[in-house]
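Biologist: I have this model open beside its sequence, and I would like a close look at a single part. Could you walk me through one sheet and the helices that pack on it?

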Amino acid sequence: MLLWAAWLYYEEGLTQAEIATRIGVSRPSVNAYLADARTRGIVSIEIDPDRFRALTLSQAMQTHFGLNDCMVIPSDGNDNPLTDRLGAAAAQVLRHLTKSGETVAVTWGRTMLAMASHMSHGALRDVRIVQATGSTTAKIPWTPEACATRLAENLGARCIPLSAPAIVSTAEVRDMLLHEPVLAEQMEVLAQADRIVLGISSLRPESTIHTSGLFDEVSIRDHYHAAVGSIAGRMISANGARVDGPLEGRTIGMDLDMIRKVPERMAVAGGMDKVQAILAALRGGYVSTLVTDADTARAILTSEGYEDRPPRRPDAPSEALPERTRVKKFLNRPRDAVDEAIAGALLAHESILAPVDGASRAIRARHGPRPGKVGLVIGGGSGHEPGFLGYVGQGMADAVAVGNIFASPPPDPILAATKAADGGTGVLHIFGNFSGDLMNFEMAAEMAEAQGIAVRTVVTTDDIASAPLDTRSARRGVAGNVFVFKVAGAACNRMLPLDKCAAIAARAADRCLTMGVALEPGASLDTGRPSFRLGPDDMEIGVGVHGEPGVARTQVKSADETADLIVDRILDEINPANGTEVALLVNSLGSTPQMELYILNRRLRRRLEAHGITVHLTLLGHYYTSLDMAGVSITVMQLDLELKELLNDPCDSPAWSRA
């Protein structure tokens, strides 16, 4: 409220009386807010731009999506998880909006339970809280009945459950239950809802829709491949359309048409893993009020073409560096770039690499496979060179499948690479956590299994900026791949069994933490234009390796300040129980020269040593890039004795050789 009052007064020129009316408080309260803002130093000559970027994003979200309201909270707060902070914010909004005599429907999930827990008893009367869906598995604490009951208790309202499961065995059973008098009466109350509070679920393995047990007997890939998220257990596509499947006719509760008809629809959701799902819900018209966080709001708006203009700064230099708008490249036809690069790599490393017959995007190690040895297959999109083909060779991967720029390879080259790597004892797949890779590697693994090749899979999730620690499995897999490939390649080379190799690789992946920053974005091969806009005095924090903008933006910092920013985030997540010896990767994202990497490394080593952490191995240079992005990513892998020995094992690949 303090921030809103200051914004309206200093930036929009409203009077104190107008502000009091706008935000629903007394005029003396507004006067106190403005005085407090000056006392705290939030307001001087102008409102501190970093604190108020959330308000700019809120206004942009309201305007772009036609929302009644949008509350944007900071993405970085106290030590509480984002879901808890979103729940607390949503409780404030709901308490302000709800009126006596209203019927409020509520869905379920972590954020919904957090909101209900933060709700306080007000002076409301005759409020009814009703479950938006039937009941789910009791294995989770955030069930529909728990969320509705907690919210009703804390609000002093009456709770109306839905006396049926969320998913029943057949459509006939659903129709029969809906005709039962008790459930029919409850559904009638649900249809009278004045407002609904809903969570938005991604389709990640750890998401609410999965943990609630809805997909225990149904394959998402087979039936819901077009879905990007869910609302109240209903699947939606990228444009917000309903995605039909076997669960649709067996679900008891609000359907998407009913949700659209509710006069006030408040969605509470945040986190980079939910950007696609939230955007789909906004496009589908299921949201009239949104509570989210700044990084998520910015990513949603960026997806829609919104340019987050650098905030005004009183100390900005009078003449800024020119912004890069087009980049010259050594190309023939952009559409031929990937195949021509592969051809050039095969010629440059012909003693190590060889093509897989009949599959132009599959490459194998020239010396392999060996009978009895577990095969290692890696893969992903182009644009990360020397990843991924640079990590194929003796003691590393046995084969790789290569996709288009920043795109997953299709199942066919993955299958071809798997067959080329098979030595008769199974194959291990390792790749980053991206939806296309997850789907295509899974399909290829199923095809390989059908041909008698045992396959195990390890998915890397080391990008700490892409999701909170409590949802680690939603994080992207980035430069940590380099260490995981090396460890897994050495384990396979030692002739260890398939399950053992997979377990070691999974442990290595779990101990990798990566964060990247950029001074300039990478440029598209087709257009030569940057993948996102970045002001001449700004740097992007938490960038992705597919050209995605970061999760925050700040003024360009010195090398030491940048290193501190990254290492502080990594140190927050290091588990001391895993030991204090690490491997360190100081990785250029494309255009950052060796000199700058050395300067950063100097500070990183000093900070790690001051924290009692010993660096056993340092890699520095171009190891996992994002085309020509001017930036750096830092990866730290905590070592145990076995991981350390495997890193020390000899290898010979285009990007990493060790005698």
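Modeller: Happy to; here is a walk through the sheet, then its helices, then a word on confidence.

Please keep in mind that this is a predicted model. The sheet is an open one of six strands, and reading across it the order is β18-β17-β16-β21-β19-β20. Its pairing is mixed. At the edges you will find β18 (552–555) and β20 (614–621), each of which pairs on one side only. From one strand to its neighbour the turn averages 20 degrees, with direction ignored.

Now step inside the sheet. Strand β19, residues 581–588, pairs with strand β21, residues 630–638, over seven bridges, and the sense is antiparallel. To find your place there, pick V586: its bridge partner in β21 is I634. As a general point, strands of a sheet pair through backbone hydrogen bonds, either parallel or antiparallel.

Next come the helices. Helix α20 lies across β16 (512–520), β17 (538–541) and β21, and runs at about 155 degrees to β16. Helix α21 also packs on the sheet, where it touches β19, β20 and β21. The direction of α21 makes about 165 degrees with that of β20. If you are tracing contacts on screen, β21 is a handy strand to select, as it is listed for α20 and for α21.

The two helices also pack against each other. Helix α20 covers residues 559–573 and helix α21 covers residues 594–610; their axes are 9 Å apart and meet at an angle of about 45 degrees. Because of that angle, α20 counts as oblique to α21. The crossing is right-handed. On the α20 side, the contact is made by A559, D560, T562, A563, D564, V567, D568 and L571. Facing them from α21 are I599, L600, R602, R603, L604, R607 and L608. By class, the residues of this contact divide into eight nonpolar, one polar and six charged.

Finally, how far can you lean on the coordinates? Across the protein chain the mean pLDDT is 89, and 93% of the residues reach 70 or more. There are weaker stretches, though. Residues 45–50 have pLDDT below 50, and beyond near neighbours in sequence this stretch has twelve contacts in the model. Residues 310–318 are also below 50, with 14 contacts in the model beyond near neighbours in sequence. Where pLDDT is low, the predicted coordinates should not be read in detail.

Definitions and conventions
Residues are numbered from 1 along each chain as its sequence is written. This is a predicted model: local features need pLDDT of at least 70, side-chain atom pairs count only at pLDDT 80 or more; totals for chains, interfaces and linings use all residues. Side-chain values use heavy atoms; hydrogens and water are left out. Axes are lines fitted to C-alpha atoms, for helices over the stretch in contact, and angles run from 0 to 180 degrees between N-to-C directions. Helices (H or I, at least four residues) and strands (E, at least two) are DSSP runs, numbered from the N terminus. Angles under 35 degrees count as roughly parallel, over 145 as roughly antiparallel, 65 to 115 as roughly perpendicular and the rest as oblique. A crossing is left-handed if the near helix is turned anticlockwise from the far one by less than a right angle, and right-handed if clockwise. Contact means heavy atoms within 4.5 Å. Ala, Val, Leu, Ile, Met, Phe, Trp, Tyr, Cys and Pro count as nonpolar, Asp, Glu, Lys and Arg as charged, and the others, Gly among them, as polar. Two strands pair if DSSP finds at least two bridges between them. pLDDT is the predictor's confidence in each residue, from 0 to 100.
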